[in-house]
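Colleague: Before I rely on the names given to features in this model, I would like to hear the reasoning behind them. Could we take them one at a time?

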Amino acid sequence: MLDFMKHTGCLPKPLEIYVFVDPLCPECWALEPILKKLRLEYGIYFRFRHVLIGKLANLNDNPKKHEAMVDYWEKTASRTGMSCDGSLWIENPITSPYIVSIAIKAAELQGKKQGLRFLRKVQELVFLEKQNISDIDILLECAKEASLDVDEFLHDIHSESAAKAFQCDLKITSEMEVTESPSLVFFNENIEDEGLKISGLYSYDVYVQVLQEMLGKRPAPMPLPPLEDFLKFFGIVASKEISVVYDMPIHEAEKELKKLVLQQKVQKINGKHGSFWKYIS
């Protein structure tokens, strides 16, 4: 792990943040820049716990629903700057959203970090490459790219353990009365205190304000890493993610990124509603 992420390690932390997401939800995809910045600047104060909400798990092969998804994806991408291409739902629709959630829980059986890497790869394949990630071959390729034990993953995806883990997520979602994705629920060390729930997608400063309220003090942000280290750690990032994390306009972020392209350290990936950058050195 790079030095700049060591502060988010195993030290006791006063807060736990439940992050409720759906892997096919573009609003959850648009939350990624905020989660990255929170983790980098304030990761010493909390740990994330990702929970699958399963909101779209029952989406069936219905053309009208697919048309609605096209519109939802396109509007969200235009509004948030996190590119996704709604034409997936016409050209290569996801036939079984349920299996995608099961696959993510199967990946988590190899460790939380592995599960998060797999979730990110799933999102990249869906939103950038328009892949039908309910196809088992694509899920296996995704597992390989996330550096999972592919044989173990293939066994776990058909296991009772992965199905039970997903049911556990749905139970937590119900108990916490979470009905919208994404949603964040903040808890402090006092188990008697209720959590503070933020439903929907907000600007970064809103989440920092909640952190401050839960901690009872103004937390001091950690220094951000050099841009190249950030890219090296996360692998593929959007212009929007860099813009949010480093608090700079997208055109300035892309100007810096183009310097790394000229140094052959980064490769540009064009998205429908914005660019992504892959670390290659």
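Modeller: Let us begin with a definition: a salt bridge is a side-chain nitrogen of Lys or Arg within 4 Å of a carboxyl oxygen of Asp or Glu. Please keep in mind that this is a predicted model. By that criterion, 4 salt bridges are counted between domain 1 and domain 2, and a search of the whole structure finds 18.

Colleague: Where do the two domains run in the sequence?

Modeller: The domain assignment gives domain 1 as 15–176 and domain 2 as 227–279, and their C-alpha centres lie 22 Å apart. To the contact, domain 1 brings 21 residues and domain 2 brings 15 residues.

Colleague: What makes K272 and D85 a salt bridge?

Modeller: The closest N and O atoms of K272 and D85 are 3.5 Å apart, and the cut-off asks for a Lys or Arg nitrogen within 4 Å of an Asp or Glu carboxyl oxygen, so the pair of K272 and D85 qualifies as a salt bridge.

Colleague: And why is the pairing of K272 with E74 called a salt bridge, and what does that pair tie together?

Modeller: For K272 and E74 the N to O distance is 3.0 Å, and because the limit is 4 Å, the name applies to this pair as well. K272 lies in the loop between β6 (266–271) and β7 (274–279), whereas E74 belongs to helix α2, so the pair ties together parts that are 198 residues apart in sequence. Side chains of opposite charge can pair when their charged atoms come close.

Colleague: How much area is buried between domain 1 and domain 2, and what share comes from carbon and sulfur atoms?

Modeller: About 1600 Å² is buried between domain 1 and domain 2, with carbon and sulfur atoms giving 65% of that area. On the domain 1 side, K36, K37 and S83 supply 30% of the area buried against domain 2, more than any other three residues.

Colleague: How many residue pairs are in polar contact between the domains, and which elements give two or more residues to the domain 1 side?

Modeller: Between domain 1 and domain 2 there are 9 residue pairs in polar contact, both residues being at pLDDT 80 or more. The elements of domain 1 that give two or more residues to the side touching domain 2 are α1 (26–42), α2 (63–80) and α5 (112–127), and α1 gives the most, with 8 residues. By class, that side of domain 1 has 8 nonpolar, 4 polar and 9 charged residues.

Methods
Residues are numbered from 1 along each chain as its sequence is written. This is a predicted model: local features need pLDDT of at least 70, side-chain atom pairs count only at pLDDT 80 or more; totals for chains, interfaces and linings use all residues. Side-chain values use heavy atoms; hydrogens and water are left out. Domain bounds come from an automatic or database domain assignment. Contact means heavy atoms within 4.5 Å. Buried area is the accessible area (1.4 Å probe) that two parts lose on being put together, summed over both. A polar contact is a pair of N or O atoms within 3.5 Å; within protein, one must be able to donate a hydrogen and the other to accept it, and residues adjacent in sequence count only if both atoms are side-chain atoms. Helices (H or I, at least four residues) and strands (E, at least two) are DSSP runs, numbered from the N terminus. Ala, Val, Leu, Ile, Met, Phe, Trp, Tyr, Cys and Pro count as nonpolar, Asp, Glu, Lys and Arg as charged, and the others, Gly among them, as polar.
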